[in-house]
Amino acid sequence: MRRSVMMVAALALMMALHVPFAPAQTEQTAAAAQDPKQAEADAYKAWYDANAAKDLSKAIPLAKEYLEKFPNGQYAGYLRDKWLPQTQGYLFSEARKAKNTAEMITIGRQALEKDPENLDYLYLLAIDLRTNEISTNPPNYAHAGEAAEFTERAIKLIEGGKVPGVFADKSKWNQNAQLAYLYQTLAIVAEQKKDSDKALQLYMKASSLDGTNVVNYFACGRLHQEKYLSAVQKYQAFPEADRTADPAKPEVKAALDEANKHADMVIDCWARFVAMSPNKTQVRDQVEKVITDLYKYRHPESPDGLQKLIDQYRSSTPATSTTGTSSPSTKP
């Protein structure tokens, strides 16, 4: 009996301890609901203190929290339209300086989520992912997919007439040269993915925009040479009797035609490469030897035709572009 009384007393004590808290919590909630201005002021002060302390790891989420809770608040316009974009730009610039690719992509995507057609971020991401990874030796294709995505989006906007704001001096902007460089990036990624047909189309697109870039013609000749060697191997797989038969079987003729087609393309692409390469190099010497042999095979009746072709391309070569892609500012 005494034990039961003690249990009841203990329960009564526990209830007594808890009862005062419920009304107090309700009063606090009601007070907060009744004073939204104070809640907004507190949220803004939390951001302000973190920003004043230059603790951006706290200030950024606090700014976003303020905007979520008070989208039409007194400071919403400043935080949303000025402070956050400027802070993102600063952090993106710091990531670029450090060549922190992962951080660049993260910040860039955050900015593009709000403004999908922000050409500054798209252009700088496309350029830096190629410069810092794809064009290194050995190349790094860890973010090749992202590079292709940002490059394609940048091309679409530039072809629509937009110019990246990072080019403060618009006189240094050459639309065709910039587009050629970006298409070349897509070609490199396509080649890495073993899609040689797409890569060839993209290299030729790049060369049509900027005929001074010898990389496009070298790559074009190299890819066609691979296709030529593959076609020759296929042709030589036929028995000699089939290869010498007259008339040739359709499949044998098709294999030979395929080899000859790519031989002609190797000659054309690498003749342009030689014509536009100002100085003799080991690579150029090797290229000249290959196309000399191929030209003799394809045109035995006119052995001097190759030099005429090279001279023709050399005379039609435009002045080398000096605008390049090295002029943008460090900030989006």
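Me: Which residues does His262 touch, leaving out those up to four places away in sequence?
Reply: In this predicted model, His262 touches His224, Lys227 and Tyr228 once residues up to four places away in sequence are not counted. With the first of these there is also a polar contact, in which the side chains of His262 and His224 come to 3.1 Å.

Me: Where is His262 found, and is it buried or exposed?
Reply: His262 is found in helix α13, which covers residues 250–276, and it is buried, since its relative accessible area is 5%, which is under the 20% cut-off for that class.

Me: Stepping back, what does the secondary structure of the chain come to?
Reply: The chain has 15 helices and zero strands. Of its 332 residues, 38% are buried, and among the contacts with a separation of 6 or more, 63% are between residues 24 or more positions apart.

Me: On to the nonpolar core, then: which residues touch the most other members of the largest one?
Reply: Tyr123 and Phe150 do, in a core of 47 residues. The elements that give two or more residues to this core are α5, α6, α7, α8, α9, α10 (196–209) and α11 (214–236).

Me: What is Phe150 in contact with, leaving aside neighbours within four places in sequence?
Reply: Phe150 is in contact with Ile105, Arg109, Leu112, Leu122, Leu125, Ala126 and Leu129.

Me: How many residues are in the second, separate core?
Reply: That second core has 21 residues, including Ala275, Met276, Val287 and Tyr313. As general background, nonpolar side chains tend to be buried together in soluble globular proteins.

Me: Which residues of α6 are buried, and what do they pack against?
Reply: Thr101, Met104, Ile105, Ile107, Gly108, Ala111 and Leu112 are buried in α6, and the buried residues of that helix pack against α5 (76–97), α7 (119–134) and α8 (144–159).

Me: What span should α6 have at 1.5 Å a residue?
Reply: The 14 residues of α6, 101–114, should span 20 Å, and the end C-alpha atoms are 20 Å apart, which agrees. Met104, one of the buried residues of α6, also has its C-alpha atom 8.9 Å from that of Glu94, although the two are ten residues apart along the chain. Glu94 itself is in helix α5 and counts as partly exposed, at 34% relative accessibility.

Me: Switching to rings, how many aromatic pairs does the count come to?
Reply: The count comes to 15 aromatic pairs. Tyr123 and Phe167 form a pair with ring centres 5.9 Å apart and planes at 65°, so this pair is edge-to-face, the planes being over the 60 degrees which that class needs. The pair links distant parts of the chain, with Tyr123 in helix α7 and Phe167 in the loop between α8 and α9 (175–192), 44 residues apart.

Me: What about Tyr123 and Trp173?
Reply: Tyr123 and Trp173 form an edge-to-face pair, at 6.1 Å centre to centre and with 70° between the planes. This pair too links distant parts of the chain, as Trp173 lies in the loop between α8 and α9, 50 residues from Tyr123 in helix α7. Tyr123 and Trp173 are both buried, and Phe167 is buried as well.

Me: Which residues do ring pairs link into a cluster?
Reply: Tyr44, Trp47, Tyr48, Tyr66, Phe70, Tyr75, Tyr78 and Trp83 are linked into a cluster by ring pairs.

Me: And what lies over the face of Tyr181?
Reply: Arg130 does, at 4.0 Å from the ring centre, while in another such arrangement Arg243 lies over the face of Tyr235, at 6.0 Å from the ring centre. Tyr181 is found in helix α9 and is buried, with a relative accessible area of 17%. The C-alpha atoms of Tyr181 and Ala206 are separated by 6.8 Å, with their positions 25 residues apart along the chain.

Me: Why is α9 described as largely enclosed?
Reply: Because 15 of its 18 residues are buried, α9 is largely enclosed by the rest of the structure. Its length also agrees with expectation, since the 18 residues should span 26 Å at 1.5 Å a residue and the end C-alpha atoms of α9 are 26 Å apart.

Me: What is found at the start of α9, and what follows the helix?
Reply: At the start of α9, a side-chain oxygen of Asn174 reaches to within 3.2 Å of the backbone nitrogen of Asn176, and the helix is followed by Lys194, whose phi is positive, near 70°.

Terms used:
Residues numbered from 1 in each chain as written. Predicted model: local features only at pLDDT ≥ 70, side-chain atom pairs only at ≥ 80, totals over all residues. Heavy atoms only, no water. Helix = DSSP H or I, 4+ residues; strand = E, 2+ residues; numbered from the N terminus. Expected span 1.5 Å × (residues − 1). Buried < 20%, exposed > 50% of the residue type's maximum accessible area, 1.4 Å probe, protein only. Contact = heavy atoms within 4.5 Å. Phe/Tyr/Trp six-rings, centres within 6.5 Å; stacked < 30°, edge-to-face > 60°. Lys NZ or Arg CZ within 6 Å of the ring centre and 35° of its normal. Polar contact = N/O pair within 3.5 Å; in protein donor to acceptor, adjacent residues only side chain to side chain. Core = buried A, V, L, I, M, F, W, Y, C linked by side-chain atoms within 4.5 Å.
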